[in-house]
Every structure is written in C-alpha cells, then in structure tokens.
Amino acid sequence: PNQKQGNGMLITGQVNLDLKNLFATGKNLALEWQGYDVKSQLLNVLYFHPNVFKTPLHVDGGFHLLKQDTIFLQREFDFGLSLLSKSSNQIGFQTEFISSRLISTADLGNVEELPENTDYNLNYYGLNYWLSRFDNVDFPTRGYGLKINGSVGQKKIIQNPSFNQGVDLNSVQYKWAGELENFFMIYRNILLRTKLSGGYLQGNKLFQSDLFRIGGLRSL
C-alpha cells in the first residue's frame, strides 16, 4: 500500500543481472536496479574487460545513480586499471567522479548553516588490492578472497544562492573499504557463501549523500 499518499498501491521492483565470462572472453557485465520507494531509485552498471591487448592489464568502469526521494540526485562514474600477478592477485588504480545535486531547495530559504545535503562535486583517486584464493575466479566453489581499497578525494561545495553557507567550499575527504568473502562446499552442488563488508569515511563536511548505504535494499 502507498502509505505516503494514503491510498492506492505502490509497485516496487528490483533487478539483478550479472553476466560472467561473456562469449568465453572473461568479460563481465552487471546491472542492478532498485525502485525501493515512491520517488527513490538506485541504478548500478558495471563492466569488466580483462587482458587488454593480451596483457595482464585489466580495465573496469561503472555508472551509479541514486535518487533519494525529492532530496538529492547523485551520479557517479568510476574507472579502474588493475594488474594481475601470476598468483591471481591484483593491484590497481581507481578514480571516481561524483556529482550530487539537490532536487529541491524550497525548505532551505532561511538556513544559515550547511544542511544535511547540498550541491557538490567530489573526485576520488586511490589504490586497491585483491587477494584471490578461489578455485575458480568466475564461479568459485571453494576458497576465499579479500579486497581492500583506499582513496583520497577533493570535494568542492557549489555555492547555492538559496541559503547562506558561510563555510570553506573546498575540503579533502578520505575513504577506506574492505570485503572478505568465503565459499564452502557443503554437499555436492550445495555451497555456503559468507561475506563481510566494511568501510570508513573521514572528512570535515560529510553529507547524507556521502554515507555508506546498507541493508537489503540499501535504504539505511
């Protein structure tokens, strides 16, 4: 039931598409879409291209969109280069370009301080490391993997004429994230997969749109 409007029905949806080893070339394409609220949606598109020009160099890219109700719209483009070692470990460089914009400033006319959200651009640059001990990279049944990445970013707050910000518009922001994944063979084709993810943000001006999103629909 559409509780926000008091009547009618609300249709929500979730689509997860993960295509691995496209045309037996090792390429991966993934798409995730969630319509988890009346005016909110999330979209992630990822592409991975291994062994560029038959070298151990891998390339990946992605586009991420988050529309949070009538509050803000965030768009992110990321690009990465990684080098595969003989032991199936990877070390790489990554960059992210994030643009966050307020959808409405109707309630911010008399605000004297920075609100929970505002317009800003944020560029991250960082390194990542992937330790792989899986029996199969694309379809593992045993083993574990560890991913770690750290980035430093330059954030520029865009002056909004709807309210008086009165703060330094430029700041430095740091982000660390990690992921540990295990696969266990229980019986024949029955597997147990466990995964632990975590992250940390540090900066003088963190907004609601900066924060990590968790939960089944990532609505927290």
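User: Which residue stands opposite glycine 35 in S2?

Analyst: Glycine 13 stands there, across from glycine 35 in S2. A word on the source: this is a predicted model, where local features need pLDDT of at least 70, side-chain atom pairs count only at pLDDT 80 or more, and totals for chains, interfaces and linings use all residues. Residues are numbered from 1 along each chain as its sequence is written, and side-chain values use heavy atoms, with hydrogens and water left out.

User: What makes S1 and S2 a pair?

Analyst: Strands are DSSP runs of E with at least two residues, numbered from the N terminus. Two strands pair if DSSP finds at least two bridges between them. S1 and S2 have eight bridges, in the antiparallel sense, so they satisfy that rule.

User: Why is S1 said to stand at the edge of the sheet?

Analyst: The open sheet has ten strands, in the order S1-S2-S3-S4-S5-S6-S7-S8-S9-S10, with antiparallel pairing. Strand S1 (13-22) and S10 each have a single partner strand, so one side of each is left without a neighbour in the sheet.

User: What connects S9 and S10?

Analyst: They form a hairpin with two residues between them, and arginine 188 in the turn has a positive phi of about 50°. S9 and S10 pair in the antiparallel sense over 14 bridges. Alanine 177 stands opposite glycine 199 in S10.

User: How do you know that arginine 193 and glutamate 181 form a salt bridge?

Analyst: The term asks for a side-chain nitrogen of Lys or Arg within 4 Å of a carboxyl oxygen of Asp or Glu. Here the N to O distance is 2.6 Å, so the pair qualifies. Arginine 193 lies in strand S10 and glutamate 181 in strand S9, so the pair ties together parts that are twelve residues apart in sequence.

User: Why is glutamate 181 called buried, and what about arginine 193?

Analyst: Buried means under 20% relative accessible area, exposed over 50%, and partly exposed in between, using a 1.4 Å probe and protein chains only. Glutamate 181 has 13%, so it is buried. Arginine 193 has 49%, so it is partly exposed.

User: How many salt bridges are there by this rule?

Analyst: The count comes to five. Among them is lysine 195 with glutamate 179, whose closest N and O atoms are 3.5 Å apart. Lysine 195 lies in strand S10 (residues 190-203) and glutamate 179 in strand S9 (residues 170-187), so this pair ties together parts that are 16 residues apart in sequence. Another of them joins aspartate 18 and lysine 20, with the closest N and O atoms 3.7 Å apart.

User: Why is serine 40 called buried?

Analyst: Its relative accessible area is 4%, so it is buried. Serine 40 lies in the loop between strand S2 (27-35) and strand S3 (41-49). Its contacts, meaning heavy atoms within 4.5 Å, include Lys67, Gln68 and Asp69. The side chain of serine 40 also reaches the backbone nitrogen of aspartate 69 at 2.7 Å.

User: What makes a group of residues a nonpolar core, and which residues form the largest one?

Analyst: A nonpolar core is a set of buried Ala, Val, Leu, Ile, Met, Phe, Trp, Tyr and Cys residues joined through side-chain atoms within 4.5 Å. The largest has seven residues: Ile98, Tyr120, Leu122, Tyr124, Ile157, Leu201 and Phe207. Strand S7 (residues 120-134) gives the largest share, three residues. Leaving aside neighbours within four places in sequence, tyrosine 124 has contacts including Ile98 and Leu201.

Key. Helices (H or I, at least four residues) and strands (E, at least two) are DSSP runs, numbered from the N terminus. A polar contact is a pair of N or O atoms within 3.5 Å; within protein, one must be able to donate a hydrogen and the other to accept it, and residues adjacent in sequence count only if both atoms are side-chain atoms.
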